[in-house]
Amino acid sequence: MQKMPQWADVVLIPLISLILAAVLSGLVILAIGENPITALTIMIDGAMGSKYAWGYTLYYATNFIFTGLAVSVAFHARMFNIGGEGQATLGGLGVALCCLYLPWPHWTLAILGAIVASAAFGAIWALIPAWLQAKRGSHIVITTIMFNFIAAALLNYLLVSVLKPVGSMEPATGKFPEPTHLPNFAEMLAPLGISFSRGAPANVSFIIAILACFAVWALIWKTRLGYEIRAFGHSESAAKYAGISPTKIILISMSISGALAGMMALNNVMGEAERLVLNATEGAGFIGIAVALMGRSHPLGIFLAALLFGALYQGGAILSQDTSIPVQIVLVIQALVIMFTGALDNMVRVPLEKVFLAFNLSSAKPATKPTAAE
Amino acid sequence: MDLLTLLQVLDATVRLSTPLLLACLAGLFSERAGIFDIGLEGKMLAAAFTAAAVAAITGNVWIGLVAGIAASLLFSAIHGLASITFRGNQLISGVALNFLASGLTVLVAQAWFAQGGRTPSLQGAARFNPITLPFAESLSGVPILGPIYAELISGHTILVYVSFLVVPLTWWILFRTRFGLRLRAVGENPAAVDTAGISVVGLRFAAVGICGVLCGIAGAYLSTGLQAGFVKDMTAGRGYIALAALIFAKWRPWYALTACLLFGFLQAIALRSDLIEAVIGFRIQIQLLDALPYILTVIILAGFVGKAIPPRAGGEPYVKER
């Protein structure tokens, strides 16, 4: 039963939720004694006003595309992977080991190696909770939360003991060798005669992220496996009846999810920092939840939501430099977006469905009445 | 290791277990009624800030405590609205509330006090001070029992004693009252409760409310008892450790006490790594101690050591007209 047209479900509901979140955020800014309109102008200008700004916005967006896709693949199998943070942390470890200990001749080869390493490390970190869910019935949300903390502790340990260069005080690995340097947008666009800000961190992994969007789209909607994942997500019992193994779907979908989250490290560890530092993920794993919810678990939606959140993060950073509003305003906006698009979905949906039903009934009355009378 | 050092570690254990215990029992009420709550962290944080801020302004810690509980209750109300009234996803609501608390506390702290997201440090009547139990001084000379009484049992803030009293109270409410029976039933089989003519929504809101009050006390304890003021993200994952303790305790109050004391002990010895080395002869990485509560919980969850079975209707919104 379609209660309202698909465009309303896909576009209107996220848009209304976003507006509600924006209005509430504006009220918060007003309540702490700042002007929301000025704040919005500063944020938009800081996120999109220059090539430099775009370079940062797209850098953040790359992170969020990966983590958003990760959460969405799990969502399709009706699983809530809250462990993107831990999986991205482990992905960073994979990238660091791959870049530091293997002799890469050129970045084109190094990035292939890094993709494999980050995806494998992320996938393994998601596979353990997935196995526990499939075989032992432990709740995936709780185990992935626990694995976030275990990953943080593990990385903390490795960085202060094993991976730290001799004589260094800082808990971080040494700088990756020069051949693993990924070209940033300035270096990528220079051959085409386009100049781009040299200082901005957006790099070639943005392209990988876009390719990942296509890959996820093809996987979910164009392959047998994707069909099985969606079938399992809609109804576990029906999927089982159709001969789909729940264990297989849980393990595979969570591995793909973890691999995508792990691949975020291509951007933040290999592309930007070029070494592994403590807390390199900076909460991007959690932002993936907001991105996936807003993007309605569709790669195109995720791409757009990631751009929006990228702009929000860069704009928020500039806002905290230029005004006395702390950067934590971004957390508040993020929380409100998650709340409205995720948990309070029915608050927007139910009244909207009523509106559409009333509208449809009045317009479709002449057509339906005779059939009802028969 | 001599008795005094041991007592110091145990003393720290009690102090560090208190917020875990309160938050764990808070989660216990909520989850027993079928409402998952991963927003314990956010509620504690909101309460910690509000309690410290109000105590700093009024100079009275009791007003601060009430304000902290009110803030936590407000978060509970949002969680209830999202997960009970609008039948939203309880986990997503919890995640959102955690972010909201983490962002709002710093924002408001900066706007009110302009001290980089912290509150002024609290002194005197603006924080909970240690209570010396009767005869602690005079009995401290008694061998073994004297120091235990004077060092370990006496000298905590009132909220510590309150939190330990909440354990038998929780047990009594859940297993010896009509309300407790209904609350447990609504977490196992809400349809049966509904058929008996009892309001599922009302019971669940009551449980979420109790959860809010306990998280409020836990948060207020952090900023006005354990420490003297609010600092950014001061809950430091305690809400999640409490969640882990709840699973570890298999959703039972007395087990919750044991689990929280164990996790509190792990936190206390993590602060004294010199002692561990002296006792067991080799160094244990602090990171391992940090991760141990989570690792233990995963092992318990995996059912390798006993099986943790959550309330059956946990996480599912109740729809009457199915």
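Helices here are DSSP runs of H or I with at least four residues, numbered from the N terminus. The model shown is predicted.

**View 1. A nonpolar surface patch in chain A that includes A:Leu27.** A:Leu27 is found in helix α1 of chain A, which covers residues 6-31. With a relative accessible area of 47%, A:Leu27 is partly exposed, because that class lies between the buried limit of 20% and the exposed limit of 50%. The patch measures about 690 Å² and is made by A:Val10, A:Val11, A:Leu15, A:Ile19, A:Val23, A:Leu24, A:Leu27 and A:Leu30.

**View 2. The fold of chain B.** The secondary structure of chain B consists of 14 helices and zero strands. Its radius of gyration is 20 Å, close to the 20 Å given by the globule rule for 322 residues, so chain B is as compact as a globular protein of that length. Along the principal axes, the C-alpha atoms of chain B fill a box of roughly 65 × 50 × 40 Å. Of the 322 residues in chain B, 56% are buried. Among contacts in chain B with a separation of 6 or more, 78% join residues 24 or more positions apart. The accessible surface of chain B is about 13000 Å², and carbon and sulfur atoms account for 66% of that area.

**View 3. A tilted tyrosine pair in helix α3 of chain A.** Over all chains, the structure holds 20 aromatic pairs. In one of them, the ring centres of A:Tyr56 and A:Tyr60 lie 6.4 Å apart with the planes at 40°, so the pair is tilted. Both residues belong to helix α3 of chain A (residues 51-76), where they are four residues apart, about one turn of the helix. A:Tyr60 has a relative accessible area of 18% and is therefore buried, the limit being under 20%. Ring pairs also link A:Tyr56 and A:Tyr60 into a cluster with A:Tyr52, A:Tyr59, A:Phe64 and A:Tyr313.

**View 4. An edge-to-face pair formed by B:Trp62 and B:Phe128.** The two rings are 5.1 Å apart, centre to centre, with 85° between the planes. This pair links distant parts of the chain, as B:Trp62 and B:Phe128 are 66 residues apart. B:Trp62 lies in helix α3 of chain B (residues 61-85), whereas B:Phe128 lies in the loop between α4 (90-113) and α5 (136-139) of chain B. The partners also fall into separate accessibility classes: B:Trp62, at 48% relative accessibility, counts as partly exposed, while B:Phe128, at 3%, counts as buried.

Note on methods: Residues numbered from 1 in each chain as written. Chains lettered and ligands numbered in written order. Predicted model: local features only at pLDDT ≥ 70, side-chain atom pairs only at ≥ 80, totals over all residues. Heavy atoms only, no water. Patch = residues over 30% accessible without salt bridge, like charges linked within 9 Å, V, L, I, M, F, W, Y side chains within 5 Å. Areas by Shrake-Rupley, 256 points an atom, 1.4 Å probe, with all protein chains shown as cover. Salt bridge = Lys/Arg side-chain N within 4 Å of Asp/Glu carboxyl O. Helix = DSSP H or I, 4+ residues; strand = E, 2+ residues; numbered from the N terminus. Buried < 20%, exposed > 50% of the residue type's maximum accessible area, 1.4 Å probe, protein only. Rg over C-alpha atoms; globule rule 2.2 N^0.38 Å. Contact = heavy atoms within 4.5 Å. Phe/Tyr/Trp six-rings, centres within 6.5 Å; stacked < 30°, edge-to-face > 60°.
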